[in-house]
Amino acid sequence: MSENVQEKKKVIFSAIQPSGTITLGNYLGALKNWVKLQDDYHCLYAVADLHAITVRQDPKAFRQNILNAYALFMACGIDPEKSPFFIQSHVHTHAELAWVLNCYTQFGELSRMTQFKDKSQKHADNINAGLFTYPSLMAADILLYQADLVPIGIDQKQHLELTRNIAERFNGIYGNTFKIPDGYYAKTGAKVMSLQDPTKKMSKSDENVNAWVGLLDKPETIMKKFKRAVTDSDAEVRVGEGKDGINNLIGIMSAVTGKTPDEITADFAGKGYGDFKTAVGEAVVEEIRPIQERFNDYINNKDYLEAQYRKSAEFALHLSQRTLDKVMKKIGYLPK
Ligand code: TRP
């Protein structure tokens with residue numbers, strides 16, 4: 001096919017914050033999907049380290065977490081040769097556009113963000129302005145690349161809506177400048193629940209470490225956490241109402257093996273929860289094992305990682321600068 005008849009691939013942008021551990025929930029809900037999308041779209045991905053300082057970070061641990069996140073995402077299959085994968089703070093256009101967008105975002109809009117309300121309750125001693133304007137930085141991330149689609153979890157949906165509103169508002173004042181992005185919500189494995197309270201999302205901030213599985217957890221630890229997973233007093237491995245724990249384990253099994261819940265039910269007919277929990281644990285361990293091996297290779301090869309994130313940042317800067325220049329010109333800034 002010659003180039004001009006080839007259908008133009010859509011642009012995808014997404015980012016994840018570098019926190020100490022990436023959970024099985026992050027992997028099955030987001031990362032695994034990001035990896036798949038690389039074949040069909042022009043993807044750009046980032047480690048959102050600017051967003052991370054809305055809570056206090058210890059410098060040494062923070063630096064390590066950023067690098068670990070980068071290496072781990074690569075180990076999961078993000079390929080910077082295919083999809084630029086950069087570190088947000090390395091591309092200065094993000095912070096610049098965020099400032100501009102702050103001036104086109106209303107106090108009232110930001111006040112209505114449920115994440116802001118939740119986080120200011122959790123960190124009542126540090127309700128900083130960055131926490132408040134977090135969504136305009138996220139909007140900048142997305143709009144700089146004229147992204148068509150943004151793979152996110154439901155918890156980020158409100159931020160994406162705000163991004164669209166900001167973009168529409170700017171376009172309304174200055175003429176077409178930003179592409180209006182749509183959310184992209186994966187159909188399967190999108191939500192992994194806590195192993196201890198399966199009505200809550202799996203989260204590494206859970207005080208009970210048995211509630212979540214980290215991608216870098218040891219195989220024994222993973223097995224132990226699955227064996228302790230909370231289930232119900234029924235004994236059948238099938239999806240059902242009031243069976244949140246089993247539903248969650250079936251969801252995890254399905255996301256890892258690609259089998260449907262019905263196939264899984266058939267596989268475990270006549271077997272008990274104990275067998276099933278062990279099988280889910282083993283399937284997860286097998287899925288994670290090669291990721292951990294690649295992670296260890298990458299993290300011991302810092303020069304290689306550095307070469308990758310530098311090259312990606314250069315590319316991202318070039319692309320995003322075009323949008324930023326357009327924005328500045330439309331507002332009336334003097335060209336440099
Ligand atoms: N706020 C997102 C989260 O916490 C991370 C993020 C930052 C993001 N910038 C983004 C996600 C841009 C999608 C697009 O999950």
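**Figure 1. Packing of helix α8 against helix α11 in the predicted model.** Axes are lines fitted to C-alpha atoms, for helices over the stretch in contact, and the angles between N-to-C directions run from 0 to 180 degrees. In this predicted model, the axis of helix α8 (residues 219-227) comes within 8 Å of that of α11, and the two cross at roughly 150°. Because angles over 145 degrees count as roughly antiparallel, α8 is described as roughly antiparallel to α11. The crossing of α8 past α11 is right-handed. On the α8 side, the contact is formed by Pro219, Ile222, Met223, Phe226 and Lys227. Helix α11 contributes Lys277, Thr278, Val280, Gly281, Glu282, Val284, Val285 and Ile288. By class, the residues of this contact comprise eight nonpolar, two polar and three charged.

**Figure 2. The largest nonpolar core and the surroundings of Phe276.** This core has 63 residues, of which Phe226, Ile252 and Phe276 touch the most other members. Helix α11 (residues 273-299) supplies the largest share of the core, 12 residues. Another core, of 37 residues, lies apart from it and includes Val91, Val100, Phe116 and Phe132. When residues up to four places away in sequence are not counted, Phe276 touches Val237, Ile246, Leu249, Ile250, Met253, Ile264 and Phe268.

**Figure 3. Packing of helix α3 against helix α12.** The axes of helix α3 (residues 93-102) and helix α12 (residues 302-331) come within 10 Å and cross at roughly 25°. Angles under 35 degrees count as roughly parallel, and α3 is therefore roughly parallel to α12. The crossing of α3 past α12 is left-handed. From α3, the residues Thr93, Glu96, Leu97 and Val100 take part. Their counterparts in α12 are Leu317, Ser320, Gln321, Leu324, Val327, Met328 and Ile331. The residues of this contact divide into seven nonpolar, three polar and one charged.

**Figure 4. Asn68 of helix α2 and its contacts.** Asn68 belongs to helix α2, which spans residues 59-76. Its relative accessibility is 18%, so Asn68 counts as buried, the cut-off being under 20%. With neighbours within four places in sequence left aside, Asn68 is in contact with Phe295 and Ile299.

**Figure 5. Thr23 in the loop between β1 and α1.** Thr23 is located in the loop that connects β1 (11-16) with α1 (24-37). Because its relative accessibility is 2%, Thr23 counts as buried. Outside its neighbours within four places in sequence, Thr23 is in contact with Met202, Lys204, Trp212, Val213, Gly214 and Leu215. Thr23 and Val192 are 169 residues apart along the chain, and their C-alpha atoms are separated by 9.6 Å.

**Figure 6. Ala15 of strand β1 and its contacts.** Ala15 lies in strand β1 and, at 29% relative accessibility, counts as partly exposed. Not counting residues up to four places away in sequence, Ala15 touches Trp34, Ala46 and Ala48. A separation of 8.9 Å is found between the C-alpha atoms of Ala15 and Pro151, which are 136 residues apart along the chain.

**Figure 7. Backbone of Gln146.** Gln146 is placed in the loop between α6 (129-143) and β4 (149-151). The phi angle of Gln146 is near 50°, a positive value in a residue other than glycine.

How values were computed:
Residues are numbered from 1 along each chain as its sequence is written. This is a predicted model: local features need pLDDT of at least 70, side-chain atom pairs count only at pLDDT 80 or more; totals for chains, interfaces and linings use all residues. Side-chain values use heavy atoms; hydrogens and water are left out. A nonpolar core is a set of buried Ala, Val, Leu, Ile, Met, Phe, Trp, Tyr and Cys residues joined through side-chain atoms within 4.5 Å. Buried means under 20% relative accessible area, exposed over 50%, partly exposed in between (1.4 Å probe, protein chains only). Helices (H or I, at least four residues) and strands (E, at least two) are DSSP runs, numbered from the N terminus. Contact means heavy atoms within 4.5 Å. Angles under 35 degrees count as roughly parallel, over 145 as roughly antiparallel, 65 to 115 as roughly perpendicular and the rest as oblique. A crossing is left-handed if the near helix is turned anticlockwise from the far one by less than a right angle, and right-handed if clockwise. Ala, Val, Leu, Ile, Met, Phe, Trp, Tyr, Cys and Pro count as nonpolar, Asp, Glu, Lys and Arg as charged, and the others, Gly among them, as polar.
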